[in-house]
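Work through the exercises below with the model open beside you, and try each task before you read its solution.

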Amino acid sequence: MERTVLDCVVEALDNLSADDFTRFKRKLCETKKIRYGQIENANKIDVAQKIVSVFTKAAAVSRTADVLRAIGLNEDAEALEEEGTEVSKVGKDSSGDTRGKGGTSRNIVNEQHFVDRKMSDLINRVSPVAPILDQLFQSGFIKHEMYSSIYNERNSCDQMRSLMLKVIMPGGNRAKDELCKILENQQKYLMEDLKGQ
């Protein structure tokens, strides 16, 4: 599967020590686009998602690299920029390109897919995950090994996070639309609540 901008940012943050990650979050908030209270207790995936959401896919890598440089992690910044360049060479980032990935989606507002905007909420609020896996397996989006790997995560948040990072985000808008369709059938009230926010 193709790597995405989100994958690149998550990997860069995963390489940070706990102290460096705290410094990164404080420096990131100096941009005034993200308040520290929004990310103070957030994990690395949630912070990466926030960066992509606020700065858009086009600027997420460069903004993250700028913050890494500002806290003295120049090698990490260069590695991230190289990785980001590779992702953009593949064409458009698969999590943001609608061409060849299912056409125009009704779930896209202001060039951002519903799943991208609400990823953190979906990870934390969707439960149970097994019926979603059943539907994705039945429709051919995931194979048996991936189904088992995600199903064996310890709780619904970990299952959903794994599903998002391993299947939905790399699958582009087609996979995101499929997830929305399944959730609208299986968890209608949650989707109404999230779409109303």
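**Exercise 1: The start and burial of helix 10**

Task: Find the residue that caps the N-terminal end of helix 10, and decide how far the helix is enclosed.

Solution: Asn-155 is the cap of the N-terminal end of helix 10, with a side-chain oxygen lying 3.1 Å from the backbone nitrogen of Cys-157. Bear in mind that the coordinates belong to a predicted model. Next, turn to the helix itself, where ten of the 13 residues are buried, so helix 10 is largely enclosed by the rest of the structure. Among these buried residues are hydrophobic names to look for in the display, such as Leu-163, Leu-165, Val-167 and Ile-168, but Asp-158, Gln-159 and Arg-161 are buried as well. Finally, compare the length with that of a straight helix: 13 residues would span 18 Å at 1.5 Å a residue, whereas helix 10, covering residues 156–168, spans only 16 Å between its end C-alpha atoms.

**Exercise 2: The aromatic cluster**

Task: Identify which residues form one aromatic cluster, and describe how the rings of each pair are arranged.

Solution: The structure holds two aromatic pairs. In one of them, Phe-137 and Tyr-147 meet edge-to-face, with 5.8 Å from centre to centre and 65° between the planes. This pair links distant parts of the chain, since Phe-137 belongs to helix 8 (residues 130–138) and Tyr-147 to helix 9 (residues 144–151), ten residues apart. In the other, Tyr-147 and Tyr-151 are stacked, with 6.1 Å from centre to centre and 15° between the planes. These two tyrosines are four residues apart in helix 9 and are therefore separated by about one helical turn. Putting the pairs together, Phe-137, Tyr-147 and Tyr-151 form one aromatic cluster. To complete the picture, consider accessibility: Tyr-147 counts as buried because its relative accessibility is 18%, while Phe-137 at 39% counts as partly exposed, and Tyr-151 at 43% also counts as partly exposed.

**Exercise 3: A buried aspartate**

Task: Is Asp-20 buried or exposed, and with which side chain does the side chain of Asp-20 make a polar contact?

Solution: Begin by locating Asp-20 in helix 2, which covers residues 18–28. The relative accessibility of Asp-20 is 17%, and because buried means under 20%, Asp-20 counts as buried. The side chain of Asp-20 makes a polar contact of 2.6 Å with the side chain of Arg-23. Leaving aside residues up to four places away in sequence, Asp-20 touches Ile-71 and Leu-73.

**Exercise 4: A cis peptide bond and two lysines over rings**

Task: Locate the cis peptide bond that joins Ser-127 to its partner, and then find the rings over whose faces Lys-44 and Lys-195 lie.

Solution: The cis bond joins Ser-127 and Pro-128, with omega at about 0°. By contrast, most peptide bonds are trans. Pro-128 lies in the loop between helix 7 (119–125) and helix 8. As for the lysines, Lys-44 lies over the face of Phe-21, at 5.5 Å from the ring centre, and Lys-195 lies over the face of Phe-114, at 5.4 Å from the ring centre.

**Exercise 5: The whole chain**

Task: Describe how many helices and strands the chain has, and what share of the residues is buried.

Solution: The chain has twelve helices and two strands, and from the N terminus on, five helices come before the two strands, with the remaining helices following them. Of the 197 residues, 45% count as buried. Among contacts with a separation of 6 or more, 64% come from residues 24 or more positions apart.

Technical notes: Residues numbered from 1 in each chain as written. Predicted model: local features only at pLDDT ≥ 70, side-chain atom pairs only at ≥ 80, totals over all residues. Heavy atoms only, no water. Phe/Tyr/Trp six-rings, centres within 6.5 Å; stacked < 30°, edge-to-face > 60°. Buried < 20%, exposed > 50% of the residue type's maximum accessible area, 1.4 Å probe, protein only. Lys NZ or Arg CZ within 6 Å of the ring centre and 35° of its normal. Contact = heavy atoms within 4.5 Å. Expected span 1.5 Å × (residues − 1). Polar contact = N/O pair within 3.5 Å; in protein donor to acceptor, adjacent residues only side chain to side chain.
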